[in-house]
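Visitor: I'd like to learn how to read a model like this one, feature by feature. Could you walk me through it?

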Amino acid sequence: MSRIGKNPVVLPAGVTVEVADNVITVKGKLGQLTQEYSDVTVKVEDGQVQVERSSDYKDQRAKHGLYRSLINNMIVGVSEGFTKELELVGVGYRASNQGQKLDLALGFSHNIILEVAPEVKLETISEKGKNPIVKLTSFDKQLLGQVAAKIRGFRRPEPYKGKGVKFVGEVLRRKAGKSA
């Protein structure tokens, strides 16, 4: 039995879950998410969501824990939401936003302008003497991670000086420079 898959997901107040035709729909105060599923059965009863599988085949065992985690992330997302913060480390690295357009100055000859999905709330924080921070908030964990990874991919942190776009709290493996 999957350790993750066998645990039920408790529904908080204000969240409704509907299951129909291999599609699960979760509605909450922050939004609505849908997810298709296969090879497992999803039951909603007594304020809990239970994911069960019919056999012990390898693909069904794998999907058991996967869909339970996806459903849990959907429920947490529509009730509380998720936040990721990216820090721009480097001289002259700047970030600003106008609505859903993120303007990044990352040391290239031109600024990078990224149109962020409307489901992701965007905020930039620039304080004097500190590195600029890009704060992303959304109820969709997958979309939030995808947008954050795309921003980080423009200038990954390098191992010698640590310059680049990194997650707040991320620990980088640093290398020693050349020895004279």
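Visitor: Let me start with two tyrosines: are Y37 and Y67 buried or exposed?

Guide: Bear in mind that this is a predicted model. Both Y37 and Y67 are buried.

Visitor: How many aromatic pairs does the count come to?

Guide: One aromatic pair. The ring centres of Y37 and Y67 are 6.4 Å apart and the planes stand at 70 degrees, so this is an edge-to-face pair. Angles over 60 degrees get that label. Y37 sits in the loop between strand 4 (32-36) and strand 5 (40-45), and Y67 in helix 1 (residues 58-79), so the pair ties together parts that are 30 residues apart in sequence.

Visitor: What should I look at in helix 1 itself, and which of its residues are buried?

Guide: Begin with the general idea. An α-helix has 3.6 residues a turn, so residues three or four places apart point the same way. Now the case here: the buried residues of helix 1 include Q60, H64, Y67, L70, I71, M74, I75 and V78. As for length, helix 1 has 22 residues and spans 33 Å from first C-alpha to last, close to the expected 32 Å. After helix 1 comes G81, with a positive phi near 90 degrees.

Visitor: Which residues other than glycine have a positive phi?

Guide: The general rule is that most residues other than glycine have a negative phi. Two to look at here are D39, with phi near 70 degrees, and D46, with phi near 55 degrees. D39 is in the loop between strand 4 and strand 5, while D46 is in the loop between strand 5 and strand 6 (48-53). D46 counts as exposed, at 77% relative accessibility, and D39 as partly exposed, at 32%.

Visitor: Which side chain meets D39 in a salt bridge?

Guide: That would be K63, with N to O at 2.9 Å. K63 belongs to helix 1 and D39 to the loop between strand 4 and strand 5, so this pair ties together parts that are 24 residues apart in sequence. K63 is partly exposed, with a relative accessible area of 23%.

Visitor: How many salt bridges does the count come to?

Guide: Seven salt bridges. When you read one, check the distance and then the burial of each partner. Take D56 and R53: their side chains meet at 2.8 Å, N to O. D56 is exposed at 55% relative accessible area, whereas R53 counts as buried at 15%. Another is K27 with E18, where the closest N and O atoms are 3.9 Å apart; the cut-off for a salt bridge is 4 Å. K27 is partly exposed at 33%, and E18 is partly exposed at 43%.

Visitor: Which charged end sits over the ring of F108?

Guide: The one from R155, 4.3 Å from the ring centre. You can also look at F167: K84 lies over its face, at 5.2 Å from the centre of the ring.

Visitor: Now the interior. Which residues touch the most other members of the largest nonpolar core?

Guide: In soluble globular proteins, nonpolar side chains tend to be buried together. In this model the largest nonpolar core has 21 residues, and L88, L102, L104, V134, L136 and I151 touch the most other members. Elements giving two or more residues to this core are strand 7 (82-89), strand 9 (101-105), strand 10 (112-115), strand 12 (133-138) and helix 2 (141-153). Helix 2 gives the most, with five residues.

Visitor: Which residues is V134 in contact with, leaving aside its neighbours within four places in sequence?

Guide: Among them are K84, L86, L88, A95, L102, L104 and L122. Apart from the largest core lies another, of 19 residues, with V42, L70, I71 and V78 among its members. L70, I71 and V78 also appear on the list of buried residues in helix 1.

Visitor: One last item: how many residues apart in sequence are N7 and E52?

Guide: They are 45 residues apart in sequence and 10.0 Å apart in space, C-alpha to C-alpha. N7 is in the segment before strand 1 (9-10) and is partly exposed, with a relative accessible area of 35%.

Conventions
Residues numbered from 1 in each chain as written. Predicted model: local features only at pLDDT ≥ 70, side-chain atom pairs only at ≥ 80, totals over all residues. Heavy atoms only, no water. Phe/Tyr/Trp six-rings, centres within 6.5 Å; stacked < 30°, edge-to-face > 60°. Helix = DSSP H or I, 4+ residues; strand = E, 2+ residues; numbered from the N terminus. Buried < 20%, exposed > 50% of the residue type's maximum accessible area, 1.4 Å probe, protein only. Lys NZ or Arg CZ within 6 Å of the ring centre and 35° of its normal. Expected span 1.5 Å × (residues − 1). Core = buried A, V, L, I, M, F, W, Y, C linked by side-chain atoms within 4.5 Å. Contact = heavy atoms within 4.5 Å.
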